Amino acid sequence: MASVLLARVALPAAGPAWGVVADDRIEIVASEAGTNGAFLASLLQLPRPARALLERRRGAASLTTADVLAAPVGAAAPHLLPPLDLQEVWAAGVTYERSRVARMEETAGAETFYDKVYTAERPELFFKGAASRVSGHHGPIRIRRDASWNVPEPEIAVLVSPHGEIAGYTVGNDVSSRDIEGENPLYLPQAKIYRESCALGPVVWLTDETAAPVFDIAITIERRGAVAWEGKISTASMRRSFADLADWLVRDNVFPSGAYLLTGTGLVPEAGFSLAPDDRVSITVPRIGTLSNHVVQGGR
């Protein structure tokens, strides 16, 4: 089986490019300028994207992995970008028991809807955003100005190919306004879909493995230099499988460039805890890495 870590990198002199992480180096395999901004979309057309990357002749340029991971967004040095180009981002909800309980707590009068969807055959699926709304490693995640209860939702995001197959995995953060959603379930799009309400990264793990992996997910929220909240969970606690969620996503739908599907969270801060500007949210998943973002609010 073939597996590879794929990174999207901003090169100051050449623009965005894609590279394979090979231990302490990132070996550049394609520039977005040379692929019309559709490298990942094109790669996903192939039956075995991970193997195609491993067999591809590597470019001459390479970067130091640690330097790229450490560089802030917008730096003059090479830094990471979210690992997507033309893919939509979708999300699944209420796939863990903790998420079911939290959604029932926040939504007075509509608790039974979330209780029923947890056990139903059909999952909750919703559109999260286009690439323009997604941040990468070290980028900002935004909390709404018209919300008072904002939380991160650390998740595994599966990369679904145009053929409906799972081609890879990355770390995701589905930032949500719980008070807006709790006021009325019809407000879900406003609670979930706005600029910088989603983060993906730091890289995407492409793999040909057919057996569904089990991931450990850990989150830490830092505020003024101290840990304000933290938690851990395993995807073994999910009620639904990655394959089942991906199958429902592609039913009577097409994704010609592939899509990312956030698979739900089991790590929900207690009622009363809300993200604040300048918080730092770090989500760590072994085999993929740590996705770290700072919280912003306001501005245009």
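This report covers the salt bridges, nonpolar cores and one open sheet of a predicted model.

## Salt bridges

Side chains of opposite charge can pair when their charged atoms come close. In this model, 10 salt bridges are counted. Three of them are set out below.

| Acidic residue | Basic residue | Closest N to O distance |
|---|---|---|
| Glu32 | Arg8 | 2.5 Å |
| Asp146 | Arg144 | 2.7 Å |
| Asp174 | Lys192 | 2.9 Å |

Start with Glu32 and Arg8, whose side chains meet in a salt bridge. This pair links distant parts of the chain, with the two positions 24 residues apart in numbering. Arg8 belongs to strand S1 (residues 3-11). Glu32 lies in the loop between strand S3 (25-31) and helix H1 (39-43). Both Glu32 and Arg8 are buried.

Asp174 and Lys192 also form a salt bridge, at 2.9 Å between the closest N and O atoms. They too link distant parts of the chain, 18 residues apart. Asp174 is in strand S12 (residues 166-174), and Lys192 is in helix H7 (residues 188-192). Are these two residues buried or exposed? Asp174 has a relative accessible area of 1%, so it is buried. Lys192 is at 1% relative accessibility and therefore counts as buried. The pair does not stand alone: salt bridges that share partners join Lys128, Glu153, Asp174 and Lys192 into one network.

Asp146 and Arg144 make a salt bridge at 2.7 Å. Asp146 counts as partly exposed because its relative accessibility is 48%. Arg144 sits at 18%, so it counts as buried; the cut-off for buried is under 20%.

## Nonpolar cores

The largest nonpolar core has 48 residues. Among those with the most contacts inside it are Val9, Ile156, Tyr169 and Phe215. Ile217, Val281 and Ile288 are on that list as well. Helix H8 (residues 242-250) gives the largest share of this core, 4 residues.

Which residues does Phe215 touch, leaving aside those up to four places away in sequence? Its contacts include Ile156, Tyr169 and Ile288. Trp205, Ile233, Phe242 and Val285 also touch Phe215. So do Ser234, Thr235, Pro286 and Arg287.

A second core is separate from this one and has 28 residues. Val4, Val89, Leu200 and Tyr260 are included in it.

## The open sheet

Strands of a sheet pair through backbone hydrogen bonds, either parallel or antiparallel. Here, an open sheet of 5 strands runs in the order S9-S19-S18-S15-S16, and its pairing is mixed. At the edges are strand S9 (140-142) and strand S16 (226-234), each pairing on one side only. From one strand to the next, the twist averages 25 degrees.

Strand S18 (residues 280-285) pairs with strand S15 (residues 216-223) in the antiparallel sense, over 5 bridges. Within this pairing, Ala218 has Thr284 in S18 as its bridge partner. Ile219 stands opposite Ile283 in S18.

S18 is also joined to strand S19 (residues 289-296), by 6 bridges. These two strands run antiparallel. Arg280 has His294 in S19 as its bridge partner. What do S18 and S19 form? They make a hairpin with 3 residues between them. Arg287 lies in the turn and has a positive phi of about 80 degrees. Arg287 is also one of the residues that touch Phe215.

Key. Residues numbered from 1 in each chain as written. Predicted model: local features only at pLDDT ≥ 70, side-chain atom pairs only at ≥ 80, totals over all residues. Heavy atoms only, no water. Salt bridge = Lys/Arg side-chain N within 4 Å of Asp/Glu carboxyl O. Buried < 20%, exposed > 50% of the residue type's maximum accessible area, 1.4 Å probe, protein only. Core = buried A, V, L, I, M, F, W, Y, C linked by side-chain atoms within 4.5 Å. Contact = heavy atoms within 4.5 Å. Pairing = 2+ DSSP bridges. Axes fitted to C-alpha atoms, helices over the stretch in contact; angles between N-to-C directions.
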